[in-house]
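Biologist: Could you take a close look at one part of this model for me? I'd like the pairing details first, then how the surroundings look.

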Amino acid sequence: MIGNVAVESRDYTRTTHPDAQWFPEAGLGLFIHWGLSSVLGKCDLSWGMINGERGKKEANLKVHGLPAVGVRMTPNEYWEQARHFNPDRYDPNKWLAAAKKAGMEYCVLTTKHHEGFAMWPSDFGDFSTKNYMGGRDLVGEYVQACRNNGLKVGFYYSPPDWRWERHHMSFNYGGRKPDLGMDHEPIQLPVLSEEEQQKYDDEFNAYVRGQVTELLTRYGKIDIIWFDGNLPQKADTISIDEIRALQPGILVNPRGHGYGDYKTPECRFPQQRFDQRDWWELCYVYSDGAWGYLNHECYKPNGWLLWELGKVRSWDGNFLPNVGPDGHGELPHAYYQRMEELAQWMQHSGEAIKGVTGGPWPEQCNVPVTRNDSAWYLHVHWVWDETVELTDVDEPAAVTCLRTGDALDYTYENRTLSLVFPSRLKTILTDIVKVVW
C-alpha cells in the first residue's frame, strides 16, 4: 500500500480538465469554518477540546493584543453542543452575496471538521444533522447559495474524526502524558490485537470513504475537495482517480493523499517562491486568532488582507481568508463592513489582482508586483514610508495612482524607477501604483 502511494505521488499529474483551469486566475476566495464550537463560542473549532491548547492559543492572542479566551472544554462538554446547535438565522445567500461583491471567486466550507460532526445528513456514522437537526442539510443550502451568487463550490473535509476515534485516542496535546479521556481524565488506551486493529481500521476507512462519496455525489458539480489530514489509507481510501470519476472537473488539495492539484500553505507566507508550474493557495485566519467563531469576534483590517493578497498574487497564488459564523448561522456586522470596503477597493483597483500574473518581487522591486499585457502594478502597503524602487526596466510612459488616476512624480536613472508615494493620496488600504510603458 505504501509503495502504491509513492508511485502514484511520483507519477501524479495535476488535473488538465477544462473545468478546473479557473483556479490560478481566481485570486481570492472565502474559507468558512463552522461547527459545534459556534454554539457557545468559548473555544476554537475542534482544537478547543484538546488539553494543552489553552496556553498555546492564549499566548497567540496576547501577542496580537487580543483578549485571552477560555479555549478548553472537555470532549464530552464540546460534543454536548450538538444538542443545542440550531442555526435558525442561517442565510448563506447573504454571506456569499457580500463575498461575491467583494471580488471573491470561490468558497470552501467545512462540511466536517476534526470534531466529527457532519454538516449534512450523512448515512455514515451517527453524528450529523441527520441525528441532531431533523435531517437539515446545511451543506446543501450552502451549495445552492454558491450557485446563486456565481461562486465556485468548495468542500473542506477532515478525514481525522475525533469522535469516531474517541475510545482510541488521547485528548492530551501533542502526545503529552498522561493519556486523557473524554473528560480529560487519565486513561489507559486500549491495546488491540492485530485482528481487532484491522477490523477497526477497515470500519473507519469505510466510514470516511462513504462520507466523501456522499459529498461528491449528492450536490451536483463540486469544484474543490479540501482535505485536512491524511485519509486513513491514503489512495486506498479513495484515490484521486476515483474522485475524478465522480467529479471530473474537481480540484483536490494535497493534504489527504500527500499530493494534489495545488499547494496549501497556512497562516504563513511562503519563505520562497513556488515553482512557476505549481498552483497554490494561502489560507489565513481573518478573525481574531481562531478558525471558528468566538464570542468576542473581531476581524483584521482590510489593510492587512490587501497586503497579503498583493503578496500572494505577486507570486501567482490565491488568497483564502477564513471567517466563522456563530451558532445561529450569522456572520457579524464586521464581516459585512469588511466586504463592502473590499468591494469599493475592487471597483478602483481590482485590475491589479484580477487577470494578472506575478511580477519580479523581490528580485526587481521592493514591493509586490503584478502585471498584465498593458501595465505593471506596484502594491504599496498603507504603512510603507520608504522609496519604492523598480529596477532593470525601461523608462515608463506613465506612472499613476490607480485609485485616482493622478500622475505620480518619479525619477528614472540607470534603468531604475524610484518614487515616494505621496501622503496626500495614501489610504489605510493597499495603494496601487500603475506603471505603463
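In strand 14, which residue is the bridge partner of glutamate 413?

Modeller: Threonine 416 is the strand 14 bridge partner of glutamate 413. Before I go on, a word on the ground rules: this is a predicted model, so local features need pLDDT of at least 70 and side-chain atom pairs count only at pLDDT 80 or more, while totals for chains, interfaces and linings use all residues. Numbering starts from 1 along each chain as its sequence is written, and side-chain values use heavy atoms, with hydrogens and water left out. Strands here are DSSP runs of E with at least two residues, helices are runs of H or I with at least four, and both are numbered from the N terminus.

Back to your spot. Strand 13 (residues 411–413) pairs with strand 14 in the antiparallel sense over 3 bridges; two strands count as paired if DSSP finds at least two bridges between them. The hairpin of these two strands has 2 residues between them, and asparagine 414 there takes a positive phi near 55°.

Strand 14 has another partner to look at: strand 11 runs antiparallel to strand 14, and 4 bridges join them. Within that pairing, glutamate 389 has serine 418 as its bridge partner in strand 14.

Now the side chains. In a regular strand they alternate between the two faces of the sheet. Strand 14 (residues 416–419) has Thr416 and Ser418 pointing one way and Leu417 and Leu419 the other way, and all are buried. Buried means under 20% relative accessible area, exposed means over 50%, and partly exposed is in between, using a 1.4 Å probe and protein chains only.

Follow strand 11 (388–391) back along the chain and you get to the loop between strand 10 (376–380) and strand 11, where tryptophan 382 is found. Tryptophan 382 is partly exposed, because its relative accessible area is 38%. Trp382, Val383 and Ile428 make a nonpolar surface patch of about 300 Å². Patch members have over 30% relative accessible area and no salt bridge; nonpolar side chains (Val, Leu, Ile, Met, Phe, Trp, Tyr) are joined within 5 Å, like charges within 9 Å. A salt bridge would be a side-chain nitrogen of Lys or Arg within 4 Å of a carboxyl oxygen of Asp or Glu. The areas are Shrake-Rupley values with a 1.4 Å probe, and for residues only the protein chains shown count as cover.

Strand 10 also leads into an open antiparallel sheet of 5 strands, in the order 8-9-10-15-12. Its edge strands are strand 8 (357–358) and strand 12 (398–401), each pairing on one side only. Strand 9 (residues 369–371) and strand 10 pair in the antiparallel sense over 3 bridges, with tyrosine 377 in strand 10 as the bridge partner of threonine 370.

For context, there's also an open sheet with parallel pairing, made of 7 strands in the order 5-4-3-2-1-7-6. Strand 5 (251–252) and strand 6 (281–285) stand at its edges with a single partner strand each, so one side of each is left without a neighbour in the sheet. Strand 4 (residues 224–227) and strand 5 pair in the parallel sense over 2 bridges, and isoleucine 225 has valine 252 as its bridge partner in strand 5.
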